[in-house]
Amino acid sequence: MSDFIDLLSLLSGPVVSDIAIPHSERPFAWRDGERLDRAYFLARVDEWRTVFLQTPGASFALYLSDCAEFSCALFGAWQADKIIYLPGDILPATCAALTTVVDGFVGDFSERYLPLTLPKTTQANVNVDDLLDPRQFSHYVHAADRYDFKPLSPDFPGLVIYTSGSTGEPQAVVKKLSQLSTEITTLEALFGHVIGGGADVIATVSHQHIYGLLFKVLWPLTAGRPIHAQQIAFLEELRPLLRRIADRPAILVSSPAHLKRIPASMQPESLHALQAVFSSGGPLSEEVAQAAGQHLGHVPIEVYGSSETGGVGWRQRSFDRSIRASAHSHAQRDESWNVMPAITWRIGLTDSVLEIRSPHLPDDAWFSLADQAQATDENHFVLTGRIDRIVKVEEKRISLNLIEGQLKASGLVADARVLLMDDGPHQRRQKIAAFIVLNDAGRLILAEQGKLSLNRRLRESIAHAIEPIALPRSWHYLVKFPVNAQGKTTRADLLSSAGEVENSLPLNLPVTQRITKPNVRLLDRDMAASRVSLELTVPPDLLYFKGHFDGSPILPGVAQVDWAIAYGREYLPLAPCFLSMHALKFQRVVMPGAVLQLTLMHDVQKSSLTFSITSDEGQHASGRILFGLAPAAEVQRHNSDLISKTQRQVGNSENNLRQQPGTTIASLDKSTPITHGDNMGFHKNESNITGFNPCAVIPVFNHAHAIGSVVAAILSHRLPCILVDDGSSTDCAAVLDALAMAHPGQITLLRHAANLGKGGAVVTGVCHAAQTGYTHALQIDADGQHCTDDIPLFLAQAAARPEALIAGVPQYDDSVPKVRFYARYLTHVMVWINTLSLDIKDSMCGFRVYPLAPFVALVHRRTIGQHMDFDTDVIVRLYWEGMQIINFPTRVGYPSDGVSHFRMVLDNLLISRMHATLFVGMLLRAPTLLVRKFSHRRGRK
């Protein structure tokens with residue numbers, strides 16, 4: 001049993017000098033392993049009191065992440081008769097709202113609010129050995145008398161807290177100090193003998209809300225239990241922390257959000273110092289409570305209440321092994337709640353809501369909670385639902401709980417939240433918005449059929465029970481619901497998460513969720529030290545577990561490196577180009593469902609990223625990655641190497657190519673390459689191409705069998721590669737994901753959730769290349785029919801004439817179908833007519849090099865054919881705009897296992913329409929094209 005002191009007389013009662021004894025076995029707090037004694041607490045309170053007394057104003061907003069410093073500031077304010085507002089966060093909107101109700105800010109607020117602060121060192125925090133000197137002892141025994149602290153007034157409205165905002169906008173609640181005092185006394189009477197005296201208080205929840213304030217600040221201070229200045233971010237930190245405090249007795253103050261995610265590796269044998277676990281913020285399910293008992297050694301003591309009422313009830317479910325009799329004696333039923341002492345309660349006649357009168361309330365009036373309840377006996381009740389989620393939509397009463405329940409019963413939804421959206425300057429009518437976490441079946445539909453189809457399925461599944469006016473009109477699919485430090489999912493957090501997810505989705509495309517990333521939570525970010533710490537929860541259905549390995553899935557090391565690079569780029573200012581990896585180690589495997597901590601350190605001087613992946617089990621992986629710039633000298637050296645290599649190869653290539661009649665072979669000897677369509681002042685391309693920085697763009701649609709060899713050939717030529725997955729099947733998408741993971745920094749993977757056609761994929765890839773900083777794009781098909789050995793030849797041509805389009809002219813082998821071979825001449829003839837020239841030898845070959853600036857300018861001005869009409873459409877229009885065309889012969893074969901996506905009827909219709917459109921365009925441009933043609937002839941003479 002602890003030496004309990006009433007809150008109101010904590011600093012002024014007859015035993016206060018005892019808490020000033022510096023060598024007490026129970027310090028006031030611990031901060032990073034440092035013992036903060038009771039003298040520190042008293043001196044720091046006095047300093048804060050002095051600051052508050054010297055600062056005008058009656059009310060102040062207090063936000064300090066350091067729990068020890070928070071405690072000192074809070075009591076300093078109360079000693080100065082200042083009212084403290086406790087915001088749940090320091091977001092800009094929260095701070096802006098506070099400016100209208102407070103006179104000043106204290107703690108971690110932005111400098112724009114001029115927050116009051118104190119240095120973290122104080123004259124009371126002196127060497128402990130000195131304090132043990134008998135000559136100094138009496139000085140500290142009488143420290144409280146020296147500070148002359150006064151008793152706190154029970155009627156002083158010293159605290160304003162805010163509701164969680166889980167059911168709407170946070171509401172301010174005023175608390176008299178007498179309310180806080182009586183509630184703390186109740187907690188000690190109920191649970192003090194279970195915990196014992198002197199136990200350290202460890203918490204995963206914030207003290208900026210009423211639950212954390214009571215359980216990790218006020219109750220420990222009055223009972224003489226040491227607090228920890230920093231809360232732990234996740235439960236994996238609990239066991240190492242208990243080891244660091246030498247297994248002193250401790251209690252855990254947590255929430256359902258944390259207790260739902262207890263690592264399976266945690267066992268009670270390693271947590272023997274843990275005396276009790278508390279949970280509040282929502283009821284625990286039976287499964288979660290039993291899992292906590294199994295892994296932590298204690299079934300959580302759940303506390304039920306609200307910001308307005310304080311504690312109302314508590315329960316601790318029974319466990320299959322013995323627990324403390326003192327805690328178990330009151331537990332009558334697993335689902336029932338024990339009414340707290342001194343609370344009078346009843347079930348309301350209207351809506352069966354729970355009504356109470358309590359000393360934790362500001363007066364003796366009956367208070368109606370939003371929870372419906374059923375009495376089981378005179379001391380116990382069972383919660384049956386809530387009524388505060390009845391809203392009016394177009395004057396109809398709608399139950400949001402009913403909608404959520406129906407969605408969860410659809411068989412596609414793991415969890416659901418719905419909100420009434422009735423604000424916004426552009427919103428003319430109320431609507432229901434649904435926020436959904438899908439189960440495996442739902443994710444499969446989303447991946448294969450898209451968001452619109454899934455929206456429709458969910459609406460149909462609930463339409464039988466929900467009025468049409470109440471059916472959700474907007475749908476948001478989240479990996480998980482965001483939770484704040486108290487384990488609550490607030491309206492603001494949901495709306496923020498929905499915006500982040502939707503802003504990352506391509507417009508007018510259905511959503512595709514192939515899970516390739518972990519669930520991420522930011523733990524710590526120190527930009528001054530270039531350090532970031534993230535919590536990564538590995539989804540069991542992560543794509544990379546597929547086939548790696550069957551029966552015993554483990555996370556590939558390359559995926560871990562990819563995550564380190566990806567999150568390094570997201571949070572730290574890394575140089576743009578990956579250079580190399582060093583000291584790469586993989587010590588432990590990562591299993592599905594693992595909770596990891598990724599620590600990233602950026603050395604700006606060395607341009608390196610050091611990463612470490614750990615968990616409660618220890619180190620999993622580590623390494624150092626070097627990044628750098630791509631200087632012009634490197635690009636020029638690479639281009640020179642390409643040209644030199646090409647000059648050595650070109651002779652052999654010319655001898656081996658079988659020419660079509662009338663085809664001119666362009667070479668890289670001292671003669672000028674044969675070009676067609678010299679500008680001569682007509683439709684001159686004004687693009688200022690001053691460098692040569694090429695990449696490859698490959699449109700992919702179900703080419704899983706061939707894309708690997710094509711990519712390998714491209715990378716062997718040191719050419720960055722952009723893959724555009726044009727709505728491929730799951731198998732092909734998995735191959736592309738694996739390629740992108742295996743070559744970080746060399747492959748960029750873009751994805752269409754629906755098939756847009758070859759042209760749409762090329763446009764996506766080329767536009768992305770231009771935005772990334774490339775100057776040229778080599779287009780090549782994914783089916784393996786093009787000769788990748790010719791890539792250096794094409795690039796060398798483009799480097800020599802960067803303003804020109806290098807167009808492949810197929811040199812077919814015997815594998816070509818004769819129908820295709822001769823059918824192409826129909827298009828050749830139409831192109832010659834539509835350009836009034838023979839300058840384009842083959843407009844249908846998908847092996848070519850584009851200068852990006854004129855290409856992007858063209859596709860931004862007008863729509864180009866999206867399917868098999870693309871290659872001809874784009875080259876003719878670029879020719880019309882004055883682009884030079886260099887025809888370059890290249891071998892083309894048709895693999896026996898090749899996949900063709902040519903649609904005989906539809907694509908022929910699209911090609912016919914394209915030729916008709918181009919013919920009309922030619923008529924409009926005929927005078928200019930003819931002048932260009934004859935000027936070109938005169939120029940050659």
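In this predicted model, helices H19 and H20 run roughly parallel to each other, because the angle between them is under 35 degrees. The angle itself is about 25°, and the axes of H19 (residues 707–716) and H20 (residues 730–742) lie 11 Å apart. Their crossing is right-handed. On the H19 side the contact is made by Ile-707, Gly-708 and Val-711, which meet Val-735, Leu-736 and Leu-739 of H20. By character, these contact residues divide into 5 nonpolar and 1 polar, with no charged residue. In general, an α-helix has 3.6 residues a turn, so residues three or four places apart point the same way.

The loop that leads into this helix pair deserves a look as well. Asn-702 sits between strand S30 (694–700) and H19, and has a positive phi of about 60° although it is not a glycine. With a relative accessible area of 26%, Asn-702 is partly exposed. A comparable backbone feature turns up towards the start of the chain, where Asp-32, also not a glycine, takes a positive phi of about 50°. Asp-32 belongs to the loop between strand S1 (29–31) and strand S2 (34–36). Its relative accessible area is 77%, so Asp-32 counts as exposed, the cut-off being over 50%.

Turning to the strands, an open sheet is formed by 5 of them, arranged in the order S5-S3-S4-S6-S7 with mixed pairing. Strands S5 (104–107) and S7 (172–175) occupy the edges; each has a single partner strand, so one side of each is left without a neighbour in the sheet. On average, neighbouring strands of this sheet are turned by 30° against each other, direction ignored. Within the sheet, S3 (residues 59–63) and S4 (residues 83–85) pair in the parallel sense through 3 bridges. One residue pair can be picked out here: Phe-60 has Ile-84 in S4 as its bridge partner.

An antiparallel arrangement is found for strands S15 (residues 344–347) and S16 (residues 353–357), which are joined by 4 bridges. In this pair, Trp-345 stands opposite Ile-356 of S16. The two strands form a hairpin with 5 residues between them, and Asp-351 adopts a positive phi near 70° there.

Finally, helix H8 (residues 210–223) is mostly covered, with 14 of its 14 residues buried. Gly-224 follows H8, and its phi is positive, near 75°.

Notes. Residues are numbered from 1 along each chain as its sequence is written. This is a predicted model: local features need pLDDT of at least 70, side-chain atom pairs count only at pLDDT 80 or more; totals for chains, interfaces and linings use all residues. Side-chain values use heavy atoms; hydrogens and water are left out. Buried means under 20% relative accessible area, exposed over 50%, partly exposed in between (1.4 Å probe, protein chains only). Two strands pair if DSSP finds at least two bridges between them. Axes are lines fitted to C-alpha atoms, for helices over the stretch in contact, and angles run from 0 to 180 degrees between N-to-C directions. Angles under 35 degrees count as roughly parallel, over 145 as roughly antiparallel, 65 to 115 as roughly perpendicular and the rest as oblique. A crossing is left-handed if the near helix is turned anticlockwise from the far one by less than a right angle, and right-handed if clockwise. Contact means heavy atoms within 4.5 Å. Ala, Val, Leu, Ile, Met, Phe, Trp, Tyr, Cys and Pro count as nonpolar, Asp, Glu, Lys and Arg as charged, and the others, Gly among them, as polar.
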